[in-house]
Each structure stands twice: as C-alpha cells, then as structure tokens.
Amino acid sequence: MTNIFLYGTLCDRELLEICLGRSLANVSLVSAKLENHSVFWVKNRNFPVIKFNRGSFALGLAVLNLEDKDLEQLDFYEGGFNYELRKVSIILKNKDLTFKKNKKEAYVYFNDDDNVEVDKNWDLDEWQRCHGLVSRLVAKEYMKLQSNYKDIDLLSEYEKIYCRVSKNS
C-alpha cells in the first residue's frame, strides 16, 4: 500500500477517478500539505509543477493506501509528462481541521526537468474552469493507451489528443 500526495490537476476528483479507472468511494482522501514547497503553473501550459521553496508549503490531497494497480495507473498518466515519484513527509489535516503533528510518508510526482519555466501560483479552481472539462475528456482517451504504450511517445500522443478534443469541445 502506497500513499501519494497530489498537488495539481489530479486533485480534481473527476480526473483522479478517470486516471485510477475506478470510483473514489473506497479511496481514502485527506487534505494535506508539503512543507518547503510551492506549486506553480508551468509557463504556457495547463498544468502545474511543484518546486522547493523554503518557508512555504504546498496544499494538496493525500491519497492513502493505494494498491499497486492504482499506482501503475497514476504512473502511466504522470509519467508521460516527465514526472517521477519521490518520497517525502507530508502533514495530514486532522479531524479538528488543523495540521498539527500528523505526519505521514508519501510519494509526490516531481517534474524531472530542472529547466521547466514556472509562472504564477497554481490555482485548481482556475484550472477546473478553464481546462478541466477538456482535460477530463482527453484523460479518458489517453488512459486507454496504457495497454500498448511501449512504442508510443506519450507526451506527443497526449498533445495530439488534447488538440483534437479541444477543437471539438
């Protein structure tokens, strides 16, 4: 069982369901934060990146006790965008809605391109309004590629699907 800290588009529960390929009814989701990090829009893109930022914290969603199949699904989705998992210590929100002394180890998807250009602070609500619908439609089609993706440039394929879907939406 694996814990994942999500900070960007996958905090959208509809998109998370699509990527996991199942309902979130039996998935443990808890608000969480990662200290000394901030989340930014990637310049000229419709998704975020998380960066080290001393004294700050990134708010997000902890997905607890994921099974190997769930992790494979998320790795497929995020791996196409040059993201890789790294283990961190996150702080879960308690039942009293505070973040006091409730640490847990989890994995976070970090972009492995150190030269990625960042823009303003990430805003999930803005993403949902401007890009959510198209991104969810694209994800439904993109996730079907998982069965035979070995010879496919996933980022290129995602962008082709995105262009086609966004023109038709």
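Helix axes here are lines fitted to C-alpha atoms over the stretch in contact, and the angle between two of them, taken between N-to-C directions, runs from 0 to 180 degrees. The close-up views below show a predicted model.

**View A. Packing of helix 3 against helix 4.** Helix 3, spanning residues 124-142, packs on helix 4, spanning residues 154-168, with the two axes 9 Å apart and at an angle of about 125°. This angle makes helix 3 oblique to helix 4, and the crossing of the two helices is right-handed. From helix 3, the residues His131, Val134, Ser135, Leu137, Val138, Glu141 and Tyr142 take part in the contact, and they meet Leu154, Tyr158, Ile161, Tyr162, Arg164, Val165 and Ser166 of helix 4. By class, the residues of this contact between helix 3 and helix 4 comprise 9 nonpolar, 3 polar and 2 charged.

**View B. Gln146, in the loop between helix 3 and helix 4.** Leaving aside residues up to four places away in sequence, Gln146 is in contact with Glu72, Gln73 and Phe76. Glu72 and Gln146 are 74 residues apart along the chain, and their C-alpha atoms are separated by 9.6 Å.

**View C. Packing of helix 1 against helix 2.** The axes of helix 1, which covers residues 13-20, and helix 2 are 8 Å apart and form an angle of about 110°, which makes helix 1 roughly perpendicular to helix 2. In this contact Leu15, Leu16, Cys19 and Leu20 are the residues contributed by helix 1, and they meet Asp70, Gln73, Leu74 and Tyr77 of helix 2. Sorted by class, the contact of helix 1 with helix 2 holds 6 nonpolar residues, 1 polar residue and 1 charged residue.

**View D. Packing of helix 1 against helix 3.** Here the axes of helix 1 and helix 3 lie 10 Å apart, at an angle of about 15°, which makes helix 1 roughly parallel to helix 3. The crossing of helix 1 with helix 3 is left-handed. Helix 1 enters the contact through Glu14, Leu15 and Ile18, whereas helix 3 enters it through Trp127, Ser135, Arg136, Ala139 and Lys140. The residues of the contact between helix 1 and helix 3 fall into 4 nonpolar, 1 polar and 3 charged. Two residues of this view recur in earlier ones: Leu15 also belongs to the contact of helix 1 with helix 2, and Ser135 also belongs to the contact of helix 3 with helix 4.

**View E. The largest cavity and its lining.** The model contains 1 cavity of 30 Å³ or more, and the space within the largest cavity amounts to about 200 Å³. Its lining is made up of 17 residues, among which Thr9, Phe47, Pro48, Tyr77 and Glu78 lie nearest the centre of the cavity. Strand 1 (2-6), helix 2 (68-79) and helix 3 are the elements that give two or more residues to this lining. By class, the lining of the largest cavity divides into 12 nonpolar, 4 polar and 1 charged. Tyr77, named here among the residues nearest the centre of the cavity, is also one of the helix 2 residues that helix 1 meets.

**View F. The largest pocket and its lining.** The space in the largest pocket comes to about 180 Å³. Its walls are formed by Tyr7, Cys11, Ser38, Val39, Ser56, Phe57, Ala58, Leu59, Asn121, Trp122 and Leu124. At least two residues of this lining come from each of strand 2 (28-42) and strand 3 (48-66), and strand 3 gives the most, with 4 residues. When the lining of the largest pocket is sorted by class, 8 residues are nonpolar and 3 are polar, while no charged residue is present.

Terms used:
Residues are numbered from 1 along each chain as its sequence is written. This is a predicted model: local features need pLDDT of at least 70, side-chain atom pairs count only at pLDDT 80 or more; totals for chains, interfaces and linings use all residues. Side-chain values use heavy atoms; hydrogens and water are left out. Angles under 35 degrees count as roughly parallel, over 145 as roughly antiparallel, 65 to 115 as roughly perpendicular and the rest as oblique. A crossing is left-handed if the near helix is turned anticlockwise from the far one by less than a right angle, and right-handed if clockwise. Contact means heavy atoms within 4.5 Å. Ala, Val, Leu, Ile, Met, Phe, Trp, Tyr, Cys and Pro count as nonpolar, Asp, Glu, Lys and Arg as charged, and the others, Gly among them, as polar. On a 1 Å grid over the protein atoms alone, a cavity is a set of points where a 1.4 Å probe fits but cannot get out, and a pocket is an open set with protein on both sides within 12 Å along at least five of seven lines; lining residues have an atom within 4 Å of a point. Grid points are joined across faces, edges and corners, and a volume is the space filled by probe spheres set on the points.
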